[in-house]
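Reader: I am new to this structure and would like a close look at one helix pair, followed by whatever else helps to place it.

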Amino acid sequence: MELSRLTAISPIDGRYRNSLDKLDAYFSELALIRYRVMVEVEYFIALCELPLPQLKGIDSKVYADLRKLYKNFSAKDAQEVKDIEKITNHDVKAVEYFIKDRFKTLGLSDFLEFVHFGLTSQDINNTAFPSMLRDAGHEVYYPMLDELLEKLEQLAQVWADVPMLARTHGQPASPTRLGKEISVFVERINKQVNLLRKVPVSAKFGGATGNFNAHQVAYPNIDWVDFANTFVNDILGLERSQITTQIEHYDNLAATFDNLKRINVILIDLCRDVWTYISMEYFKQKIKEGEVGSSAMPHKVNPIDFENAEGNLGIANALFEHLSEKLPISRLQRDLTDSTVMRNIGVPFAHTVLSLKAIAKGLEKLVINPAAINADLERNWIVVSEAIQTILRREGYPNPYEALKDLTRTNKAISKENLHEFIDRLEVSNSVKDELKRITPFNYTGVTI
């Protein structure tokens, strides 16, 4: 069978392809080759600007044409690189030969050996992959997460004054506000996003074993460390790791994946809470014409968006976990186990993007159901017992906790009337009794946050 969305093994490239086409520009094989070409071209230009003595004669006007090699990089170009790779059996070497071939058409035949000069393949990979991840984050991930946070903040404001029974250990607890409970997730995510943005996007650039051996032996009077720092930090917009083996440490990359995983864990928590509120009928869901919730039960409107999101977040986190655990470990100066793993960084990213879209879609369907929320509060007057015993403590009443415990720790329902009868029997002033009777499950919601 020919590869298509119907024959693809992974649902990322099959079932969910329409939802993930923006990621092609960052995580596809074509994208990886284009980023490698970008690094090679910018490195050659940087050598010209240094300048190396042999490159002084190159007119800077050619730089624009050189940059077109990656800015206008096409599927045809990518296929040409792959065809070369069939011969070289080395992906980065194939990129080098591709660029050298283009140099010939640009009148740069005398300078072919300064393409990939003094480098190892990991100088290219360990700058290309971080660039891909950085750009995907800024162009796709952060905007999507910002939109989701904006939606959650809007819902938190709309529902700010909606009293709701809280549940701790699944049991009725001191009432809260629906908007505040949504704000919990907003704060948690924002804190993790702030941490994520602070993690450096690190890159390795230093030759075969990180020491600039080839560079130094060819041009001993050039400060290659300073050159590399300028190239990686200022031109590529990454942060160069100073002391490395053949490969990047991947420690900051692991921190990035761990941070993405923590954000996903928070989103899983959100999905499960909203799912539970839907099951409790605190939320209804908008019905879309033509959709069905079950092949057998026509009445069902399932919370599938939150279920799909939870499932995809779980897959993403399993992969993020492996990436962050495996990548920082490499035998001696380098083994090849990172290579195939790095090629999969787009997969958990894609599952995360699917989840963000699903959560956003699910939130748009939510319709608050005040009747169910209020009925739950009305059934649970018992939760104001905390308020009563706290005021009694303030008044110096003897053993208030124990008095309320004897009243409320029972399998019988406690009504408003039961509580008011209890209050009437208390040996406190009438003003305190009035104060206690004004407390209800609907107004005992604490401070406004």
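Is the crossing of α6 and α13 left-handed or right-handed?

Author: The crossing of α6 and α13 is left-handed, meaning that the near helix is turned anticlockwise from the far one by less than a right angle (clockwise would be right-handed). This is a predicted model, in which local features need pLDDT of at least 70 and side-chain atom pairs count only at pLDDT 80 or more, while totals for chains, interfaces and linings use all residues. Residues are numbered from 1 along each chain as its sequence is written, and side-chain values use heavy atoms, without hydrogens and water.

Two packed helices are described by the angle between their axes and the distance between the axes. Helix α6 covers residues 121-158, and its partner α13 covers residues 346-365. Helices are DSSP runs of H or I with at least four residues, strands are E runs of at least two, and both are numbered from the N terminus. The axes of α6 and α13 are 10 Å apart and form an angle of about 20°. Such axes are lines fitted to C-alpha atoms, for helices over the stretch in contact, with angles from 0 to 180 degrees between N-to-C directions. The two helices are therefore roughly parallel to each other (under 35 degrees; over 145 is roughly antiparallel, 65 to 115 roughly perpendicular, and the rest oblique).

On the α6 side, the residues that meet α13 are Leu133, Ala136, Gly137, Val140, Tyr141, Met144, Leu145, Leu148, Lys151, Leu152 and Leu155. On the α13 side they are Phe349, Thr352, Val353, Leu356, Lys357, Ile359, Ala360, Leu363 and Glu364. Contact here means heavy atoms within 4.5 Å. Sorted by class, this contact has 15 nonpolar, two polar and three charged residues. Ala, Val, Leu, Ile, Met, Phe, Trp, Tyr, Cys and Pro count as nonpolar, Asp, Glu, Lys and Arg as charged, and the others, Gly among them, as polar.

Helix α13 also holds Ser355, which counts as buried at 1% relative accessibility (buried is under 20% relative accessible area, exposed over 50%, partly exposed in between, with a 1.4 Å probe and protein chains only). Apart from neighbours within four places in sequence, Ser355 touches Ala309, Asn312 and Leu313.

Both helices also come up in the largest nonpolar core. That core has 139 residues, and those with the most contacts inside it are Val37, Leu66 and Ile359; Ile359 is also among the α13 residues that meet α6. Helix α6 gives the most to this core, with 16 residues. A nonpolar core is a set of buried Ala, Val, Leu, Ile, Met, Phe, Trp, Tyr and Cys residues joined through side-chain atoms within 4.5 Å. Val37, with neighbours within four places in sequence left aside, is in contact with Leu69, Tyr70, Phe73, Val95, Phe98 and Ile99.

Two of those partners, Val95 and Phe98, also take part in a second helix pair, α4 with α5. The axes of α4 (residues 75-88) and α5 (residues 91-105) come within 8 Å and cross at roughly 120°. That angle makes α4 oblique to α5. The crossing of α4 and α5 is right-handed. From α4, the contact is made by Asp77, Glu80, Val81, Ile84, Glu85 and Thr88. From α5, it is made by Asp91, Ala94, Val95, Tyr97, Phe98, Asp101 and Arg102. This contact of α4 with α5 has six nonpolar, one polar and six charged residues.

The loop between α5 and α6 contains His116, which has a positive phi of about 65° although it is not a glycine. His116 counts as buried, at 12% relative accessibility. Asn399 likewise is not a glycine and has a positive phi, of about 50°. Asn399 is in the loop between α15 (385-394) and α16 (400-408), and it is exposed, with a relative accessible area of 53%.

Pro400 is in helix α16 and is buried, with a relative accessible area of 7%. Its contacts, beyond neighbours within four places in sequence, are Gln389, Leu392 and Arg393.

Another proline, Pro51, is in the loop between α2 (29-49) and α3 (62-71). The peptide bond from Leu50 to Pro51 is cis, with omega near -15°.
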